[in-house]
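Here's a quick walk through one model, written for someone who likes to check things on screen. Have the viewer open and follow along.

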Amino acid sequence: MKAKLYIIAALIATALTAVAQTNNKDQRTRWMNEVRNQKYEFIIKETDMTKEQQEDFLPIYKEMEKAIFTANQEARALELKVSNQTRTSEAEYAAAALMLARVKQREGDIEMEYYQKFERILSKKQLFQLKRAENKFTQYMLSHHRRSGSSK
């Protein structure tokens with residue numbers, strides 16, 4: 001298992017290095033897809049999914065990620081709009097602040113909606129392992145980013 005994690009780590013390190021060398025949008029998109037695919041592989045391994053579970057789970061998981069991405073993108077767009085305005089009213093600040101505060105709640109609502117879908121595919125143990133795997137992958141990416149950023 002550790003050997004597989006090291007292989008995934010090496011792939012991510014290679015992808016991070018490639019992105020650091022270019023600002024090309026296509027390159028960034030490819031890198032994001034690579035990271036996403038590595039995340040999916042990591043989750044599948046950590047939860048010990050069968051092939052059948054993978055086939056059922058991945059499309060739904062990708063759908064959930066897209067919904068969360070859209071919610072964050074909308075909040076970020078409003079944040080940028082308000083921060084780039086030269087004159088912003090208190091009401092606009094209040095609306096933007098409320099939306100930014102609610103985006104985390106929206107993420108939680110989306111996750112709960114999809115949790116119910118995942119319950120039909122994964123065992124209770126796998127549901128638990130799914131959240132742990134997501135957190136472990138995020139922590140790995142953050143620590144790798146910190147290490148590669150501190151060497152500059």
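What follows goes from the whole chain down to single helices, salt bridges and a couple of residues.

## Ground rules

This is a predicted model, so local features need pLDDT of at least 70 and side-chain atom pairs count only at pLDDT 80 or more, while totals for chains, interfaces and linings use all residues. Residues are numbered from 1 along each chain as its sequence is written, and side-chain values use heavy atoms, with hydrogens and water left out.

On confidence, pLDDT is the predictor's own score for each residue, running from 0 to 100. The protein chain averages 85, and 82% of the residues score at least 70. Among the elements, helix 3 (residues 51-84) has the highest mean pLDDT at 93, and helix 1 (residues 2-20) has the lowest at 58. Where pLDDT is low, the predicted coordinates should not be read in detail.

## The overall picture

The protein chain has five helices and zero strands, so along the sequence the pattern reads α-α-α-α-α. Those elements are DSSP runs numbered from the N terminus: helices are H or I with at least four residues, strands are E with at least two.

Of the 152 residues in the protein chain, 30% count as buried. The cut-offs are under 20% relative accessible area for buried, over 50% for exposed, and partly exposed in between, using a 1.4 Å probe and protein chains only. The protein chain exposes about 10700 Å², with carbon and sulfur atoms supplying 54% of that; the areas come from the Shrake-Rupley method with a 1.4 Å probe, and for residues only the protein chains shown count as cover. As for contacts (heavy atoms within 4.5 Å), take those between residues at least 6 apart in sequence: 70% of them join residues at least 24 apart.

## Helix 2 and what comes after

Helix 2 covers residues 25-47, which makes 23 residues. From first C-alpha to last it reaches 33 Å, close to the 33 Å expected at 1.5 Å a residue; that expected span is 1.5 Å times one less than the number of residues. Its buried residues include W31, V35, Y40, F42, I43 and I44, and also Q38, K39 and E46.

V35 is a good one to click on. It sits in helix 2 and is buried, with a relative accessible area of 11%. Leaving aside neighbours within four places in sequence, V35 is in contact with F137 and M141. V35 and M141 are 106 residues apart in sequence, yet their C-alpha atoms are 9.3 Å apart in space.

Right after helix 2 comes D48, in the loop between helix 2 and helix 3. Its phi is near 55°, a positive value in a residue other than glycine. Most residues other than glycine have a negative phi. D48 is exposed, at 63% relative accessibility.

## Helix 4 and its kink

Helix 4 runs over residues 90-119, so 30 residues, and reaches 44 Å from first C-alpha to last, close to the 44 Å expected. There's a kink of about 30° centred on V103, where the bend at a residue is the angle between axes fitted to the seven residues ending there and the seven starting there. V103 is also one of the buried residues of helix 4, along with A96, E107, I110, Y114 and F118.

## Salt bridges

Side chains of opposite charge can pair when their charged atoms come close. Here a salt bridge is a side-chain nitrogen of Lys or Arg within 4 Å of a carboxyl oxygen of Asp or Glu, and by that rule there are eight.

In helix 4, E107 meets K104 at 3.6 Å, N to O; the two lie three residues apart, about one turn of the helix. E107 is buried at 14% relative accessible area, whereas K104 is exposed at 56%. Over in helix 5 (residues 124-150), E134 and K131 are likewise three residues apart, about one helical turn, and their side chains meet at 2.8 Å. E134 is buried at 10%, while K131 is partly exposed at 34%. E111 joins K131 and E134 in a network of salt bridges. Another bridge pairs K124 with E119 at 3.2 Å; K124 is exposed at 56% and E119 is partly exposed at 32%.
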